[in-house]
Amino acid sequence: MDFVPTHTDLSPWTPGLVSLAIYALMVFMLIGVILWLAGWLGEKRVNPEKLRPYECGVLPSPGLRPPHPAPFYLVAIFFLIFDVEGAFIFSWAVAMEPLGWWGWLEITSFIGILGLSLVYLWAKGGLEWGVGRP
Amino acid sequence: MKLATTPEPNIADRIINWAHANSLWPLFFGLSCCFVEEAVAFTARYDIARFGSEVFRGSPRQADVLIVSGTVFKKAAPVVLRLYEQMGEPKWVISMGSCSNSGGMYDVYSVVQGVDQILPVDVYIPGCPPRPEALLEGLMTLQKKIRSRERPARTVFHLSGGNQGSSGGLRVDGRDKARDARGPGYSGCGIRGTAELPPHFRGSRTDLMWTPPAPALELSAPDQQLAAVLAQRFGAAVRPLAPVTDMLTLETDPGRALEVLRYLKSEATPRYERLEDLTAIDESARNPKADADFTLVYHLLSFGAASRLRLKVPLSGSEPTMESLTPLWPSANWYEREVFDMFGLRFRNHPNLRRLLMPHDWVGHPLRKDYPGRATEMAPFTRAEAEQFQPMDAAELLGREGDNENLILNLGPHHYSTHGVLRVVLALRGEEIVDLDLDIGNHHRGVEKIGERQSWHQFIPYTDRVDYLSGVANNLSYLSAVETLAGIEVPERAQYIRVMLSELFRLSNHLLFVGTFVQDLGMMNPVFYTFREREQIMDIVELITGGRLHPAWFRIGGTAMDLPRGWKEAVSNFTSTFAKRIGEYQALIDRNPIFLARVKGVGAISLTEAMDWGMSGANLRACGLEWDLRKKIPYAAYPAFDFEIPTADAGDCLARYRVRIEEMRQSLKIIEQAAARMPEGRYRTADYRYAIPSRDDTLRDIESLIHHFVNVTRGPKLPRGEAYAATEAPRGEQGYYLVSEGQSKPYRLRIRAPGFANIQTLPLLAGGRYVSDLVAILGSLDYILPDIDR
């Protein structure tokens, strides 16, 4: 089957684009007006107490800049690793038919290897988010 | 502002006022008892949502109405002020209840005499506590005020003039308010009753009265044996005191006390496993003069023998030092800190001897006899003080100044899940709790000090407010001690009425527990159902006593009145449906996987630890110990009832929940039995020496009339002596220790509160767990602030 593009060349004279631009302008203006009204209308009384962070009604302890120890970086790394899978699978999916069964076999073994590594990671406790863990 | 000077509202004013008045957003902030009625106002029967105040906001940034619901404590006043300041414009303040309006019943050193000294107030709601309807009325009054007096348009459009939000200024003592307890025109005389108060007792007329001595207790065989063994082992260092009214009482020297206590805990027969209570007495105002300046009083409890023992240690000096008991009982930690705070006694080798209830920068020791009891004897607490005396810094509290590894976070005093003004200070690594400490005393109403100036009768209403969810069950604890001390026989009918009402309040308390506990865990529904049944109970309580939260309906020797017509139908209407309701709650909650994941295995404590830390009530029974004062050391009419003691083994949040659910079934059984077998007869003793004579009798004979007059005005004279009595209150063992000098008022009144001991275990339960677990644990302990701080 021949590849039939759904869009022709973009031209600034296409009437659809003009209306899109007007629409976008209106959206920005509306948002602007709403934001400005919300910011300007009403009474403003600023004092140090109001600007202070709320911490259950008590003064927060001063000078606290602790590091972020939450194990977010582990999650982030795992996400990155497994997200790469998506890049391969989607590109294979687009070209599935030309690649044929050989391609299918390749991608299946790739998914299998990733699956195994997930099992390994799980068994190793890398996904545990528990007390006393990093 | 005068109405006459307010200009006519223009169309913009009208629109803005309409919007303001119909969408008021109250802040979710409870200070005290009043908040319970406030919370009831947003459940189904009262439905505050009708007024556009649907969901109370958890953050001041999202709220525009501050309902100051309850007592404003000097320790908590900076918090109240900060929350108000952190709300956006425009904002309004409703002062709910007598305490917030004027200090109310609590003219005491720790209470601000009216929140209008630190905040501008728009609407005052009278009552103690006001009913939920009164809050709705207050809200409508505020709406009316907004519509009629506010002209917000010019303010909103940044033009000069116009007004919106709280416009009244602060009230200043002597200018536009009077804190004088005597009322206007009485400045020449003393406050009622002052003349007979400590330290002088000059005007006391009770010295002219006679009462029989306190009944002497015949010591049981094991007690006599123990006294003999102690005499053999310690010689003259341990002296049994006689006569006693309630338990074996020993006196020992400060140097030997720890040794004696260690022996009693680990070697004696029976073993006294629990430190029931530790407190002190200031002996300086004794009449005749005492040898010691202070006495430390240790109350111990033996689970095995179901008996108690009192050990008294006389101390001399203005600030005597005593060896700390913490190596023996970890629970002594807070008890000793409280003694230090209130009396100024020091404890050697105490891990952390600093103030517990009073603010860290407080001056003086309030329970000393020479310390002024009334707030009105002190300078007014104004906005300047509220800005100056800030709560102790969290990092300093934890001893972690300069800790750059962990996040130091305050949870409370203003927080959904702290159930009152409890402040938990956390050191967090991620979400894990590395370190935890508590800052209590934000709800310290100085009730033990008040006890020393109220007559034996007058104190009853204060007991209701000690555990404000348990109503008359508090009266029972106090009266048990009074009646032990004076040897008063309570008629059987009165005993049954007392049992029935106390059990109704246990149900009411447990219903609130179940609802709020699971709500803290994210389950919104059950609280609406449990409050529905709670209101049914409140209706019965109202029918019988005329009050809701604080009936103050028991009297010395019985109750205030007989049961009214129609009580039985009301009770049986409730009991016939309630068993099914418990099943419904369980169907809603018990198998919910999220609920189970949040509570199972969370916050577990072993039985030995629970005993060592002085836990009681359902929290103790959840660790597997079948211990319930109603069965083990029975009081009132409980021996006549057939019920069981539910227990669980795990000692975790789930176990505590399950025990309470089962306890509701048992309470229901007791109520049914009490209603079915309610005996005939007097509802109050005929011993008019102590009891208030019934109206019929006062109209018939002069003796009763005289006794009525004396007992109501001056108060009955109780014999010299001391007595401790505890009951199984809904929240655990609540005990009253009374020391009488033969006056119409106690010389010392001490409350052993279950919550105080229970909450002290929090670092043990929540340390090393997540913040979300902490919320579950707090809910499961079922504490209440006035019960902790008193």
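Where in chain B is B:Pro129 found? B:Pro129 sits in the loop between strand S3 (123–125) and helix H5 (132–149) of chain B. Helices here are DSSP runs of H or I with at least four residues, strands are runs of E with at least two, and both are numbered from the N terminus. The peptide bond leading from B:Cys128 into B:Pro129 is cis, and its omega is near -10°.

Before going on, some housekeeping. This is a predicted model, in which local features need pLDDT of at least 70 and side-chain atom pairs count only at pLDDT 80 or more, while totals for chains, interfaces and linings use all residues. Residues are numbered from 1 along each chain as its sequence is written, and chains are lettered from A and ligands numbered from 1 in the order in which they are written.

Next, confidence. pLDDT is the predictor's confidence in each residue, from 0 to 100. For chain B the mean pLDDT is 89, with 98% of its residues at 70 or more. Chain A averages 80, and 78% of its residues score at least 70. Within chain A, helix H1 (residues 15–40) has the highest mean pLDDT of the elements, 90, and helix H3 (residues 72–94) the lowest, 79. For the complex, the predictor gives an ipTM of 0.76 and a pTM of 0.87. As a general caution, where pLDDT is low, the predicted coordinates should not be read in detail.

Now chain A. It has four helices and zero strands, so its pattern along the sequence is written α-α-α-α, given that helices and strands are the DSSP runs already described. Of the 134 residues in chain A, 3% are buried. Buried means that 20 or more other C-beta atoms lie within 10 Å of the residue's own; exposed means 12 or fewer, and partly exposed is in between, with C-beta atoms placed from the backbone.

Look at helix H4 (residues 96–124) of chain A. It has 29 residues, but its end C-alpha atoms are only 35 Å apart, short of the 42 Å that a straight helix would reach at 1.5 Å a residue. That expected span is 1.5 Å times one less than the number of residues. H4(A) also has a kink of about 75°, centred on A:Trp102. The bend at a residue is the angle between axes fitted to the seven residues ending there and the seven starting there. The count of buried residues in H4(A) is zero. After H4(A) comes A:Gly125, with a positive phi near 90°.

How many residues does the contact take from each chain? It takes 21 from chain A and 35 from chain B. Two residues are in contact if their C-beta atoms, placed from the backbone, lie within 7 Å. On the chain A side, 10 residues are nonpolar, four polar and seven charged. Here Ala, Val, Leu, Ile, Met, Phe, Trp, Tyr, Cys and Pro count as nonpolar, Asp, Glu, Lys and Arg as charged, and the others, Gly among them, as polar.

On to the interior. The largest nonpolar core has 235 residues, and those with the most contacts inside it include B:Leu66, B:Val482 and B:Ile777. Such a core is a set of buried Ala, Val, Leu, Ile, Met, Phe, Trp, Tyr and Cys residues joined through C-beta atoms within 7 Å. Helix H15 (residues 492–520) of chain B gives the most to this core, 15 residues. Leaving aside neighbours within four places in sequence, B:Ile777 is in contact with residues including B:Val602, B:Cys653 and B:Leu762.

Is B:Leu479 buried or exposed? B:Leu479 is buried, because 27 other C-beta atoms lie within 10 Å. It belongs to helix H14 (residues 472–486) of chain B, and beyond residues up to four places away in sequence, B:Leu479 touches B:Phe554 and B:Ile556.

Last, some backbone details in chain B. A second proline, B:Pro288, is joined to B:Asn287 by a cis peptide bond with omega about 0°. B:Pro288 lies in the loop between strand S6 (274–282) and strand S7 (294–302). B:His158 is not a glycine, yet its phi is positive, near 60°. B:His158 counts as exposed, because it has 12 C-beta neighbours inside 10 Å. B:Ala552 is also not a glycine and has a positive phi of about 45°. B:Ala552 has 20 C-beta neighbours inside 10 Å, so it counts as buried.
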